[in-house]
Amino acid sequence: MSLLKRIGGSQSQGETPGTGNAVVASPAAPVLRSGQGDGAPATGSSHTAPGSATGEMSQQRMLELSLWIVDRILSSLSGQQELKRSPEVERQIQEKFTGAYRQSGVNLTDDQTKQLYDMVMDELFGFGPIEPLLRDELVTEVMVNGPRLVYIEQKGKLTLTPVRFANDDHVLKVIDRIIRPLGRRIDRKWPMVDARLPDGSRVNAIIPPCAIDGPSITIRKFSKKKLQVEDLIRFGSMTPEMAEFLRACVVSRLNIIVSGGTGSGKTTLLNVLSNFIPEEERIVTIEDSAELKLAQEHVVRLESKPAELDGTGRVSINDLVINSLRMRPERIVVGECRGGETMAMLQAMNTGHDGSLSTLHANTPRDAIARMETMAMMAGMDIPVNVIREQIAAAVDLIVQQTRLEDGSRKISHITEVQGMEGDVVVLQDIFLLHILGKTPEGKVMSELRPTGTRPRFSSRLEASGFKLPPSIFGATVPGQKRSW
Ligand SMILES: Nc1ncnc2c1ncn2[C@@H]1O[C@H](COP(=O)(O)OP(=O)(O)O)[C@@H](O)[C@H]1O
Ligand SMILES: [Mg+2]
């Protein structure tokens, strides 16, 4: 009886193992046991339905078979430690694949054989089961919560996929494959790692004992195509009037903070704002991992660096902000303020480096002020909180709040002026606001972006830079203004 006939009974996609099958990813525990004395694979077969058709082979069985073939290919290629993709290597692998496939005794359709071959190649040269998700341009994030649950983000929405790993060990192998070429490592002693793939995607991996339900991977994919201001207007994330206003603010060298939650579109908006900086100005960008893509030529890009294996050699965002001040910057753009660098950034903004831009994690503009206070305290400079607050009020001119709505859309919910201090309080004045009006039957959030009717106090700075913004930009409801759904 062929392997397929013996294992083809289950139709359920990715059933949990443990129904008589051992696991395949670890050579110590092969799933596909020697069946016919010639090394042909077999599985525990107590539950199989004899005579079932080829088309019924479950994803789980395909995965097991692909890993069995990968093991065979790797053991026959032993000696060639690092497998490098080349036409010659591919030819060898194809040959070995065919041999192993024949030996398995499985009889697949052409489509399934092609699928099996792709799975084997993804295992050998890519990141295994999640490789097709990484290739899919519509997928923006991939999240592996242990071997059985793989989620993706598409159009701002999270969905569970049918993708499965064989077991924890299989996920660990993929993590190893991701981080080893980057010179990083992960183990029980330090069970988490942040890394960046060669294409710019950001990876975090965390494994047991800290990840209780199995090794987890989070990949924020780097989108080659950055959204432009026209895209954000088209999506209804901002109105043309808001875009015009923001351009005037950037060119007029206002210090701007983009605030928002994770994945709310902060970096995207920072990129759009940075692209408003006039071509002739010298820009220094500072990021944990270079995501910004500026159209200007005169840009120096700096990236922080984790510590070496011996724990030394870390270069933080704070170090880079301080260093950048000696680089004659006309603009400093910091990807995200997360800690003590906020103090350096505020001091830079207050000492002539105006026109600086950054993002931070907060849910409202008022929150953003509180966050900045807390983060500036992290610099450990022993400065009283009211002095820090005054520095914030003096340094920051504008807070732009990004929000990810329930339906996955991203919008600017506030454009807020920081007007100064009144007593102990930082005075904020909203210039544009998002109004939520309701929900369509399909679950789309209906909203409208409106000016509040208040002209910012810094209007004269915009005018001094040559921007004569008509009062209608700041006016109350603009007649006939397009709604954003
Ligand atoms: N206004 C927007 N409309 C639609 N998608 C957006 C918008 N802004 C950002 N995105 C997408 O959302 C994802 C997260 O954006 P990003 O700017 O990296 O968020 P953050 O920096 O807040 O974590 C990206 O895939 C990006 O392309
Ligand atoms: Mg970001």
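**Confidence first**

I started with confidence: the chain has a mean pLDDT of 86, and 86% of its residues reach 70 or more. This is a predicted model, so I wanted to know where to trust it. I looked for the extremes and found the lowest confidence in helix α1 (residues 3-7), at a mean of 31, and the highest in β9, at 98. Over residues 1-55 the pLDDT is below 50, though the stretch still has 109 contacts in the model beyond near neighbours in sequence. At the other end, residues 478-485 also stay under 50, with ten contacts beyond four places in sequence. Note to self: where pLDDT is low, the predicted coordinates should not be read in detail.

**Overall make-up**

I counted 15 helices and 17 strands in the chain. Of the 485 residues, 36% are buried. I also checked contact range: among contacts between residues at least 6 apart in sequence, 58% join residues at least 24 apart.

**The six-strand sheet**

I traced an open sheet of six strands in the order β5-β4-β3-β8-β7-β6, with antiparallel pairing. Which strands stand at the edges? They are β5 (157-161) and β6, and because each has a single partner strand, one side of each is left without a neighbour in the sheet. From one strand to the next the twist averages 15°.

Then I went pair by pair. β3 (residues 139-145) and β4 (residues 149-154) pair antiparallel over six bridges, and V139 has Q154 in β4 as its bridge partner. β6 (residues 192-196) pairs antiparallel with β7 over five bridges. Here A195 stands opposite V203 in β7. The two strands form a hairpin with five residues between them, and G200 in the turn has a positive phi of about 100°. On to β8 (residues 216-220): β7 pairs with this strand too, antiparallel and over five bridges, with R220 in β8 as the bridge partner of R202.

I looked at the side chains of β7 (residues 202-206) as well, and they alternate. V203 and A205 point to one face and are buried, whereas R202, N204 and I206 point to the other and are not.

**The nine-strand sheet**

The next sheet I followed is open, has nine strands and mixed pairing, and runs β11-β10-β12-β13-β9-β14-β15-β16-β17. Its edges are β11 (299-303) and β17 (445-451); each has a single partner strand, so one side of each is left without a neighbour in the sheet. Ignoring direction, neighbouring strands are turned by 25° against each other on average.

At the β17 end I checked the pairing: β16 (residues 425-439) and β17 run antiparallel and are joined by seven bridges. G438 has M446 in β17 as its bridge partner.

Two helices I looked up pack on this sheet. α12 (residues 365-377) touches β9, β13, β14, β15 (410-422) and β16, and its direction makes about 95° with that of β13. α13 (residues 385-395) touches β15 and β16, and its direction makes about 115° with that of β15.

**Helix α9 and ligand 1**

How many of the residues of α9 (266-274) are buried? Nine of its nine. That list runs K266, T267, T268, L269, L270, N271, V272, L273 and S274. I then asked what these residues pack against, and got two helices' worth of names plus strands: α7 (229-234), α8 (240-251), β9 (256-260), β12 (331-334), β13 (357-361) and β14 (398-404).

The same helix turned up when I looked at ligand 1: α9 gives the most to the shell around this ligand, with three residues. Of the 15 residues around ligand 1, S237, G265, K266, T267 and T268 come nearest. By class I noted three nonpolar, ten polar and two charged residues in the shell.

**One loop residue, L469**

Last stop was L469, in the loop between α14 (459-464) and α15 (471-474). Buried or exposed? In between: L469 has 16 C-beta neighbours inside 10 Å, so I logged this residue as partly exposed, given that buried takes 20 or more and exposed 12 or fewer. Leaving out residues up to four places away in sequence, L469 touches E244, F245, A248 and L462. I also took the C-alpha distance to S459, ten residues away in sequence, and got 8.6 Å.

How values were computed:
Residues numbered from 1 in each chain as written. Chains lettered and ligands numbered in written order. Predicted model: local features only at pLDDT ≥ 70, side-chain atom pairs only at ≥ 80, totals over all residues. Helix = DSSP H or I, 4+ residues; strand = E, 2+ residues; numbered from the N terminus. Contact = placed C-beta atoms within 7 Å. Pairing = 2+ DSSP bridges. Near = placed C-beta within 6 Å. Nonpolar A, V, L, I, M, F, W, Y, C, P; charged D, E, K, R; others polar. Axes fitted to C-alpha atoms, helices over the stretch in contact; angles between N-to-C directions. pLDDT = per-residue confidence, 0-100.
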